[in-house]
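Q: Could you take me through one part of this model in some detail? I'd like to know how it is built and what it touches.

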Amino acid sequence: MSVSPLAPAWLSLPEDPNALRPDMWAQDVRRGEHGELEISGIPVSALAAEFGTPVFVVSEADFRARARDFKDSFDAAFAEVCGGVDVYYAGKAFLCTEIARWVGDEGLRLDTCSGGELAVAARAGIPGANLGLHGNNKSDAELNRALDMELGRIVVDSLPELHRLGAIAQDRGVRANVMLRLTPGVHAHTHEFIATAHEDQKFGLSMAADPETGTSPAAEAVAAALENPGINLLGLHSHIGSQIFDPAGFEEAARRLLAFLAEVRAVHGVELPELDLGGGYGIAYTEADTPRPAAEIAQAMAAVVSSTCAELGLAAPRISIEPGRAIVGSTTFTLYRAGTVKTVRVDTPAGETAARRYVSVDGGMSDNARPVLYDADYSAVLASRASEHDAVMSRVVGKHCESGDIVVRDVYLPSDVDHGDLVAVPGTGAYCWALSSNYNYIARPPVVAVRDGAARLIIRGETEEDLLSRDVS
């Protein structure tokens, strides 16, 4: 084997193409006796035979373990700071009624972003007090639904929304529990489409003072919320982005928000009781990624909150966080069946040519839009068997009529991967099924949960009849 000149700098030639990097996979995924990938003792060939391909395969045990780890780690780190932490699972990453039940079972709360996600939460039996609602453009119907369900928090994103919600709540004779989402101006080291705390984007209330008025939208919103009889202002919220590994951004955001809480106290004589520091903790998609354990994140954040509150003479607010990808991402892999395989010659930066093997699979951008949306990188393995053949530079692509339909841009796969083989892509629990589509009239795949050696559908795959059922022409 030799390193391909087409390989990106971060991608190394594997010593063993059959090896699995543990932090990319659920804890119960491994190679079986004959080299086939297994989850909770079930070979992937059995899953493919029963449920077809492509199929999302999620480890229930791993999901529950990761959820508990976040809850236990943050409670322990913040026990002496503010008595513990409220962990809201960010449902936008992946949500269905079964996932929502697991979240509730493990003592977490649930963050939603739409009326549809609220409907899932209601079906799963999650109490309204344990729900939050996000969104930069909530409809009146969604706000009314949130009040009907007596939500624990509505995260308000703008002054117009604050006034609208206050009016709706007053008309109903109730008070809405509100967090104000602020943009602290912290640069998150991630793709621009998933960085959310800089000024030039759609989310949140800026903390930057207007040069003409001398005040900020965030300060105006606090004043308006405290004066509005339809609003119960709980505190502040911030989310700086997604898939972040550098802790500095989280720490700086916490400092700025706590300083703002001190300003609120100085101006209004009120210490707001809650502060949400968001989520966005990165996971391992490829060997270039270095995620931090939940306990390490929690301890670093607790230290910053504790020291900053001491400096400001501020009582520590009740902290909440919103992990989504960090809980569900690595619990799941997508199982595909390989189809057409071909090798092409590609120009290299050195002016020569090199071989790249294209492995087409029976899914693609309809079940994983992240690579085409923001250049997300993934890994892949030959799943149906082990191979003794050399690893070659490969590109895993989908079956859609788009040249950008790439599942894994750069990966070393055994040179004998061929038509009919099963290929598994790890780390697809977050934002894959959630962003799935019917492009080219392809049905969305099923989601299968595995636990204790048994597999069951939690979302059935679509059929052609499903696709045609809404076509009333």
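A: Let's start with a bend: helix 2 has a kink of about 35°, centred on Ala 76. That bend is the angle between axes fitted to the seven residues ending at a residue and the seven starting there. Helices here are DSSP runs of H or I with at least four residues, strands are E runs of at least two, and both are numbered from the N terminus.

Before going on, keep in mind that this is a predicted model: local features need pLDDT of at least 70, side-chain atom pairs count only at pLDDT 80 or more, and totals for chains, interfaces and linings use all residues. Residues are numbered from 1 along each chain as its sequence is written, and side-chain values use heavy atoms, with hydrogens and water left out.

Back to helix 2, which covers residues 60-82. Its 23 residues, at 1.5 Å a residue, should span 33 Å, and the end C-alpha atoms are 31 Å apart, which agrees. (The expected span is 1.5 Å times one less than the number of residues.) Just after the helix comes Gly 83, with a positive phi near 85°.

Now for what is tucked away. The buried residues of helix 2 include Phe 63, Ala 67, Phe 70, Phe 74 and Phe 78, along with charged ones such as Glu 60, Asp 62, Arg 64 and Lys 71. Buried means under 20% relative accessible area, exposed means over 50%, and partly exposed is in between, using a 1.4 Å probe and protein chains only. An α-helix has 3.6 residues a turn, so residues three or four places apart point the same way.

One thing packed against this helix is Ala 326, which sits in helix 10 (residues 325-328). Ala 326 counts as buried because its relative accessibility is 11%. Setting aside neighbours within four places in sequence, Ala 326 is in contact with Arg 66 and Phe 70, plus Tyr 281 and Ile 283; contact means heavy atoms within 4.5 Å. From C-alpha to C-alpha, Ala 326 is 15 Å from Ala 61, although 265 residues separate the two in sequence.

Next, the charges. Arg 64 forms a salt bridge with Asp 105, with the closest N and O atoms 3.1 Å apart. A salt bridge here is a side-chain nitrogen of Lys or Arg within 4 Å of a carboxyl oxygen of Asp or Glu. Asp 105 lies in helix 3 and Arg 64 in helix 2, so the pair ties together parts that are 41 residues apart in sequence. The two ends sit in different surroundings: Arg 64 is buried at 11% relative accessibility, while Asp 105 is exposed at 55%.

Helix 3 (residues 97-105) also holds Glu 98. Glu 98 is buried, with a relative accessible area of 18%, and leaving out neighbours within four places in sequence, Glu 98 is in contact with Arg 456 and Ile 458.

For another salt bridge, look at Glu 462 and Arg 444, whose closest N and O atoms are 2.7 Å apart. Glu 462 lies in the loop between strand 21 (454-459) and helix 12 (464-469), and Arg 444 in the loop between strand 19 (422-426) and strand 20 (447-451), so this pair ties together parts 18 residues apart in sequence. As for the residues around helix 2, salt bridges with shared partners join Glu 60, Arg 64, Arg 68, Glu 98, Arg 101, Asp 105, Glu 106, Arg 451, Asp 452 and Arg 456 into one network.
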